[in-house]
Amino acid sequence: MTRNWRQAATAVVVLAGCVSGRISAQTAVPSGNVAESWESIHLSGQKAGYMHSLTDRVESGGKAVLHTKFTIVLATKRFDDPIQMRVDVHAFELPSGLLYAIDSRINMSGMAQRTRGVLDDDDKFQLTVETPGKTQSQTIAWSDDIVGPYAQERSLHDKPDRKST
């Protein structure tokens with residue numbers, strides 16, 4: 001796997017883990033809107049952007065699944081140059097928490113990257129990364145312990161890290 005693939009896969013996983021909504025613990029998938037949060041992002045004491053996440057229940061192939069959409073918008077300066085970044089992620093997970101599809105778009109100061117992935121019938125994740133003028137595809141081994149953002153948040157709520165409280 002090349003360095004770019006590792007960076008793209010890491011970015012997708014890190015971004016999926018960035019969702020920080022306030023979610024109550026639930027074992028069944030409720031209908032409709034499950035959770036929503038707005039977060040303010042500050043860098044060096046200055047507001048630099050925001051994050052919005054929304055998790056809802058949707059039907060896919062006759063099954064109930066959880067869809068989490070989160071958007072991160074940042075605006076800052078590097079030296080004297082303004083930098084703008086927008087990240088839009090759609091993550092789909094089963095009620096068990098298993099992440100089975102993701103669609104991420106990152107736009108940083110006009111440069112766009114799209115990363116899409118879906119779990120196939122052989123428990124392999126088919127990942128595609130599109131950058132200007134280039135598309136790469138990769139098959140990645142997948143396991144049941146790779147969960148979506150809602151399951152991550154629910155796990156943190158159910159078993160908070162005692163060191164940080």
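Here are some exercises with worked solutions on the predicted model shown above.

**Exercise 1. Confidence**

Task: Find out how confident the predictor is along the chain, and which stretch stays under 50 in pLDDT.

Solution:
- Step 1. Start with the whole protein chain: its mean pLDDT is 79, and 78% of its residues reach 70 or more.
- Step 2. Now look for the weak stretch. Over residues 1-30, pLDDT stays under 50. The model has 56 contacts beyond four places in sequence for these residues, so please read them with care, because pLDDT is the predictor's confidence in each residue.

**Exercise 2. The sheet**

Task: Work out the order of the strands in the sheet, and say which strands stand at the edges.

Solution:
- Step 1. Trace the strands across the sheet. There are eight of them in an open sheet, in the order 1-2-3-4-5-6-7-8, and the pairing is antiparallel.
- Step 2. Look for strands with a single partner. These are strand 1 and strand 8 (134-141), so each has one side without a neighbour in the sheet.
- Step 3. Check the twist: from one strand to the next, the average is 10°.
- Step 4. Zoom in on one pair. Strand 2 and strand 3 run antiparallel and are joined by 12 bridges. Here Val58 stands opposite Val65 in strand 3.
- Step 5. Add the helix. Helix 2 (residues 149-158) packs on the sheet and touches strand 1, strand 2, strand 3 and strand 4. The direction of helix 2 makes about 85° with that of strand 3.

**Exercise 3. Two hairpins**

Task: Describe the hairpins that strand 6 forms with strand 5 and with strand 7.

Solution:
- Step 1. Take strand 5 and strand 6 (residues 111-119). They pair in the antiparallel sense over eight bridges. Ser104 has Thr115 in strand 6 as its bridge partner.
- Step 2. Look at the turn of this hairpin. Two residues lie between the strands, and Ser109 in the turn has a positive phi of about 50°.
- Step 3. Move on to strand 6 and strand 7, which run antiparallel and are joined by six bridges. Arg116 is found opposite Thr128 in strand 7.
- Step 4. Look at the second turn. Four residues separate the strands here, and Asp123 in the turn has a positive phi of about 60°.

**Exercise 4. The nonpolar core**

Task: Find the residues with the most contacts inside the largest nonpolar core, and the strand that gives the most to this core.

Solution:
- Step 1. The largest nonpolar core has 19 residues, and Ile72, Leu119, Phe125 and Trp142 have the most contacts inside it.
- Step 2. At least two residues of this core come from each of strand 3, strand 4 (81-93), strand 5 (99-108) and strand 7 (124-131).
- Step 3. Strand 5 gives the most, with five residues.
- Step 4. Follow Trp142. Beyond four places in sequence, Trp142 is in contact with Leu98, Leu99, Leu119, Asp123 and Phe125.
- Step 5. Think about the wider pattern: in soluble globular proteins, nonpolar side chains tend to be buried together.

**Exercise 5. Aromatic pairs**

Task: Decide whether the rings of Trp38 and Tyr50 are stacked, edge-to-face or tilted.

Solution:
- Step 1. The model has three aromatic pairs.
- Step 2. The ring centres of Trp38 and Tyr50 are 5.8 Å apart and the planes are at 40°. Planes under 30 degrees apart count as stacked and over 60 as edge-to-face, so this pair is tilted.
- Step 3. Place the two residues. Trp38 is in strand 1 (residues 33-43) and Tyr50 in strand 2 (residues 46-60), so the pair ties together parts that are 12 residues apart in sequence.
- Step 4. Compare with Phe92 and Tyr100, another tilted pair, at 6.5 Å centre to centre and 50° between the planes.

**Exercise 6. Buried or exposed?**

Task: Classify Trp38, Tyr50, Phe92, Tyr100, Ser44 and Phe79 as buried, partly exposed or exposed.

Solution:
- Step 1. Recall the cut-offs: buried is under 20% and exposed is over 50%.
- Step 2. Trp38 has 57% relative accessibility, so Trp38 is exposed. Tyr50, at 29%, is partly exposed.
- Step 3. Phe92 has 24% and is partly exposed, whereas Tyr100 has 16% and is buried.
- Step 4. Ser44, in the loop between strand 1 and strand 2, is exposed at 81%. Phe79, in the loop between strand 3 and strand 4, is exposed at 73%.

Notes
Residues are numbered from 1 along each chain as its sequence is written. This is a predicted model: local features need pLDDT of at least 70, side-chain atom pairs count only at pLDDT 80 or more; totals for chains, interfaces and linings use all residues. Side-chain values use heavy atoms; hydrogens and water are left out. pLDDT is the predictor's confidence in each residue, from 0 to 100. Contact means heavy atoms within 4.5 Å. A nonpolar core is a set of buried Ala, Val, Leu, Ile, Met, Phe, Trp, Tyr and Cys residues joined through side-chain atoms within 4.5 Å. Buried means under 20% relative accessible area, exposed over 50%, partly exposed in between (1.4 Å probe, protein chains only). Two strands pair if DSSP finds at least two bridges between them. Rings of Phe, Tyr and Trp (its six-membered ring) pair if their centres lie within 6.5 Å; planes under 30 degrees apart count as stacked, over 60 as edge-to-face and the rest as tilted. Axes are lines fitted to C-alpha atoms, for helices over the stretch in contact, and angles run from 0 to 180 degrees between N-to-C directions.
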